[in-house]
Amino acid sequence: KSKEMGKNHIEFFNQQMQKDFKERMLLNSGLRQALQEKHFEMVYQPKINNITGEVSGFEALMRWNHPKLGNISPAKFIPLAEELGLIFQLDEWGLKEACRQNKEWQAAGVDSIPVSVNLSAKHFYYDHIVPMVTKALDESGLDPKYLKLEITESVFMKNVQAVITKIEQLKEIGVLISIDDFGIGYSSLNHLIHLPINEVKLDKNFISEINMDQKKAAIFKAIVELAKNMKLNVVAEGVETEGEMHFLKLEKCDEIQGYYYSKPLSKESFLEFIKRKNEGSK
Ligand code: C2E
Ligand code: MG
Ligand code: MG
Ligand code: MG
């Protein structure tokens, strides 16, 4: 009997593995094709200034609409693109598109605010990163101070000195640097002081229920104090509740991003949002 159960298990695994494998094959070939045919889209999530209530920036997030599989989350296709070496082209496209869009809105009379663009850590281990950013700025005509690059702490896991040099070169161009998904590993607070950055962006896992968790609250206060001393902008991501928002306001978090204010929006909806929001807060 147990032998039979074992067999069923193996059958089950085989089926599951085959399904995963098929999906990966679909994604794999789909990703190359989608890149050529530009099946990607950027959506934009507002960042709200915690004092004025105005839209103070926005994050560009990539979407892939697959003809068979529907909308695929970047949490799924970004790691795959990294594995396949397609991330360089993909991020370059996203970066250009986000710069172009921000410049277009500025030209249309929207208040000038920075666009935050996520870049895979992979870029920081090669020399193309600085020319890639320069090119996106030149082609769009966007002033560098309206471009913020979001990178995760994992970028510092290897080649620290080379990575820091690249970040310094980018800052010399005039773009801003943000550390994304911060606060999951508290130890990282110590090396923060050595990094040439402009912003820390606290991860949504850390922000979640921060108003009800004394330990999180204490860490948050320590981060804000350090960040303020270093003149860093502090952003909370994934803010969903009024309770979280009130806590963050009280603790002088500079900017808030999350479903509480808005989900990521299509470019049309974003324009409506920013007009409505900024009118309301004047
Ligand atoms: P991230 O940069 O940390 O972006 C925040 C993620 O949280 C986004 O997911 C956003 O839609 C989601 N989010 C925002 N507010 C809330 C909230 O209140 N509640 C909840 N539950 N979620 C919220 P998304 O768009 O699925 O992106 C996932 C990740 O994929 C991003 O995390 C980023 O690491 C990566 N990514 C997205 N676009 C790009 C890109 O163009 N290039 C690269 N390299 N990575 C990207
Ligand atoms: Mg981000
Ligand atoms: Mg993040
Ligand atoms: Mg995150």
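**Notebook: two magnesium ions and a helix pair**

I began with the metals: the magnesium ion (ligand 3) and the magnesium ion (ligand 2) lie 3.8 Å apart, and D180 coordinates both of them. I note that the model is a predicted one.

**Entry 1. Confidence.** I looked up the scores before reading further. The protein has an average pLDDT of 91, and 94% of the residues score at least 70. For the model I recorded an ipTM of 0.99 and a pTM of 0.93.

**Entry 2. Magnesium ion (ligand 3).** I asked which protein atoms serve as donors of the magnesium ion (ligand 3). They are OD of D180, OD of D181 and two entries for OE of E237, at 2.1 to 2.5 Å from the ion. Along the chain I read the spacing of these donors as D-D-x55-E. I then placed two of the donors in the fold: D180 belongs to strand β6 (residues 176-182), and E237 to the loop between β8 (233-236) and α9 (242-250), so the pair ties together parts 57 residues apart in sequence. I checked the accessibility of D180 and E237 and found both buried.

**Entry 3. Magnesium ion (ligand 2).** I listed the coordinating atoms of the magnesium ion (ligand 2) as E59 (OE), N118 (OD1), E150 (OE) and D180 (OD), at 2.0 to 2.2 Å. The spacing of these donor residues in sequence is E-x58-N-x31-E-x29-D. I located N118 in strand β4 (residues 115-118) and E150 in strand β5 (residues 147-152); the pair therefore ties together parts that are 32 residues apart in sequence.

Are N118 and E150 buried or partly exposed? I found N118 at 25% relative accessibility, which counts as partly exposed. E150 has 2% relative accessibility and counts as buried, because the cut-off for that class is under 20%.

**Entry 4. Helices α3 and α4.** I turned next to a helix pair. Helix α3 (residues 87-107) packs against helix α4 (residues 129-140) at an angle of about 35°, and their axes are 9 Å apart. I recorded the crossing of α3 past α4 as right-handed.

I wrote down which residues make the contact. From α3 these are F88, E92, L95, K96, C99, R100 and K103. The α4 side supplies M132, V133, K135, A136, E139 and S140. Sorted by class, the contact of α3 with α4 holds six nonpolar, six charged and one polar residue.

**Entry 5. Closing note.** I return to D180 as the residue that bridges the magnesium ion (ligand 2) and the magnesium ion (ligand 3).

Key. Residues are numbered from 1 along each chain as its sequence is written. Chains are lettered from A and ligands numbered from 1 in the order in which they are written. This is a predicted model: local features need pLDDT of at least 70, side-chain atom pairs count only at pLDDT 80 or more; totals for chains, interfaces and linings use all residues. Side-chain values use heavy atoms; hydrogens and water are left out. Donors are N, O and S atoms within 2.8 Å of the metal (3.2 Å for Na, K and Ca); water is not among the atoms, so sites may look incomplete. Helices (H or I, at least four residues) and strands (E, at least two) are DSSP runs, numbered from the N terminus. Buried means under 20% relative accessible area, exposed over 50%, partly exposed in between (1.4 Å probe, protein chains only). Axes are lines fitted to C-alpha atoms, for helices over the stretch in contact, and angles run from 0 to 180 degrees between N-to-C directions. A crossing is left-handed if the near helix is turned anticlockwise from the far one by less than a right angle, and right-handed if clockwise. Contact means heavy atoms within 4.5 Å. Ala, Val, Leu, Ile, Met, Phe, Trp, Tyr, Cys and Pro count as nonpolar, Asp, Glu, Lys and Arg as charged, and the others, Gly among them, as polar. pLDDT is the predictor's confidence in each residue, from 0 to 100.
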